[in-house]
Amino acid sequence: HTIEADSMKHLLIPLFDNIRGLILDPYSAGQLIGVHSEEGEQLYFPAPIQASGAIERLLGDILSGMRNALIHAADKVAREGIIQLQTGEVEAFAKGYHTQIGVLGMQFWWTDMCRRILTEGGEMSFAASAIQTVGTKLRQLLFDFKLSSLERNQIPALLVMYGSQRDNVSEMMHAKVRETSEFEWQRLQRFTWHPEDKTAISEIAGYTSPSGYEFV
């Protein structure tokens with residue numbers, strides 16, 4: 001069951017710009033358990049929200065619910081999604097996360113892989129091969145008609161990230177980058193997840209700052 005959000009859109013748009021509806025708990029009257037977007041993605045809150053009382057409080061609870069749900073998803077993709085990409089489970093990865101979380105997970109994976117190679121004296125060609133494997137499997141998923149249209153529509157965003165990561169590694173290989181202190185590495189934007197405070201951190205050229213998509 002959903003509550004169509006048209007009558008509340010002027011209030012909801014500042015919180016989440018393409019929200020389409022609010023998902024009701026079918027087993028508990030008056031409880032909101034998530035939201036769904038214009039594209040059909042569903043985001044479930046970590047805990048139900050009581051759909052009653054002052055509108056200001058309800059909107060604040062919805063905002064907190066969305067933020068907490070995305071933080072939980074980012075934490076999961078940092079722990080499990082990286083392993084899925086490392087082991088070639090690309091379909092499970094692509095189907096397991098909302099689009100923005102999947103893109104963030106690919107950034108965590110790429111940063112972790114390349115940093116370990118440079119720190120441990122490995123060959124960047126390993127990263128190039130791993131990225132190519134992910135890209136090949138993502139392209140195959142575009143034509144997998146077992147996927148729902150929503151799942152298939154998420155693949156182009158992941159392919160865009162794949163292309164950027166492929167090109168960045170190619171440029172580092174051409175420049176023969178061997179250490180994390182070199183400019184060709186430092187100039188690239190890198191993303192890491194800090195589980196102790198549930199924060200995504202962006203790094204570039206010695207500058208770090210909290211980063212995120214929407215509310216992460």
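Q: The bend at a residue is the angle between axes fitted to the seven residues ending there and the seven starting there; where does helix 2 bend?

A: Helix 2 bends at Val77, by about 40 degrees. Helices (H or I, at least four residues) and strands (E, at least two) are DSSP runs, numbered from the N terminus. The model is predicted, so local features need pLDDT of at least 70 and side-chain atom pairs count only at pLDDT 80 or more, while totals for chains, interfaces and linings use all residues. Residues are numbered from 1 along each chain as its sequence is written, and side-chain values use heavy atoms, with hydrogens and water left out.

Q: What span does helix 2 reach from its first C-alpha to its last?

A: Helix 2 covers residues 55–86, 32 residues in total, and reaches 45 Å, close to the 46 Å expected at 1.5 Å a residue. The expected span is 1.5 Å times one less than the number of residues. Gly88 follows helix 2 and has a positive phi, near 80 degrees.

Q: Which residues of helix 2 are linked by salt bridges?

A: Asp75, Arg79 and Glu80 form a network of salt bridges, each such bridge being a side-chain nitrogen of Lys or Arg within 4 Å of a carboxyl oxygen of Asp or Glu. Between Asp75 and Arg79, the closest N and O atoms are 3.1 Å apart. Both residues belong to helix 2 and are four residues apart, about one turn of the helix. An α-helix has 3.6 residues a turn, so residues three or four places apart point the same way.

Q: Is Asp75 buried or exposed?

A: Asp75 is buried, with a relative accessible area of 10%, whereas Arg79 is partly exposed at 42%. Buried means under 20% relative accessible area, exposed over 50%, and partly exposed in between (1.4 Å probe, protein chains only).

Q: Back to Val77: what separates the C-alpha atoms of Val77 and Gly105?

A: They are separated by 5.5 Å, although the two residues are 28 residues apart along the chain. Gly105 is in helix 4, residues 99–120, and counts as buried because its relative accessibility is 0%. Not counting residues up to four places away in sequence, Gly105 touches Val77, Ile82, Leu85 and Phe93; contact means heavy atoms within 4.5 Å.

Q: How many residues of helix 4 are buried?

A: In helix 4, 16 of the 22 residues are buried, so the helix is largely enclosed by the rest of the structure. Helix 4 reaches 32 Å from its first C-alpha to its last, close to the 32 Å expected. Just after helix 4, Gly121 takes a positive phi of about 75 degrees.

Q: Which side chains in helix 4 meet in a salt bridge?

A: Arg116 and Asp112 do, at 3.1 Å from N to O. They are four residues apart in helix 4, about one turn. Arg116 is partly exposed at 35% relative accessibility, and Asp112 is partly exposed at 29%.

Q: Which residue forms a salt bridge with Glu123?

A: Arg178 does, with the closest N and O atoms 3.4 Å apart. Glu123 lies in the loop between helix 4 and helix 5 (124–141) and Arg178 in the loop between helix 6 and helix 7 (183–186), so the pair ties together parts that are 55 residues apart in sequence. A search of the whole structure finds 11 salt bridges.

Q: Which side chain of opposite charge is nearest to Arg152?

A: It is Asp144, 6.1 Å away, and Arg152 is buried yet has no salt bridge. For charge, Lys and Arg count as positive and Asp and Glu as negative; His and the chain ends are not counted. Arg152 is placed in helix 6 (residues 149–174). Its contacts, not counting residues up to four places away in sequence, are Leu141, Leu142, Asp144, Phe145 and Leu147.

Q: New topic: what is the phi of Lys198?

A: Lys198 has a positive phi of about 50 degrees although it is not a glycine. Most residues other than glycine have a negative phi. Lys198 is in the loop between strand 5 (190–194) and strand 6 (199–204). Ala205 also has a positive phi, near 50 degrees, and lies in the loop between strand 6 and strand 7 (207–211). Lys198 is partly exposed at 38%, while Ala205 counts as exposed at 56%.

Q: Finally, how many helices and strands does the chain have?

A: The chain has seven helices and seven strands. Buried residues make up 44% of its 216 residues.

Conventions:
The bend at a residue is the angle between axes fitted to the seven residues ending there and the seven starting there.
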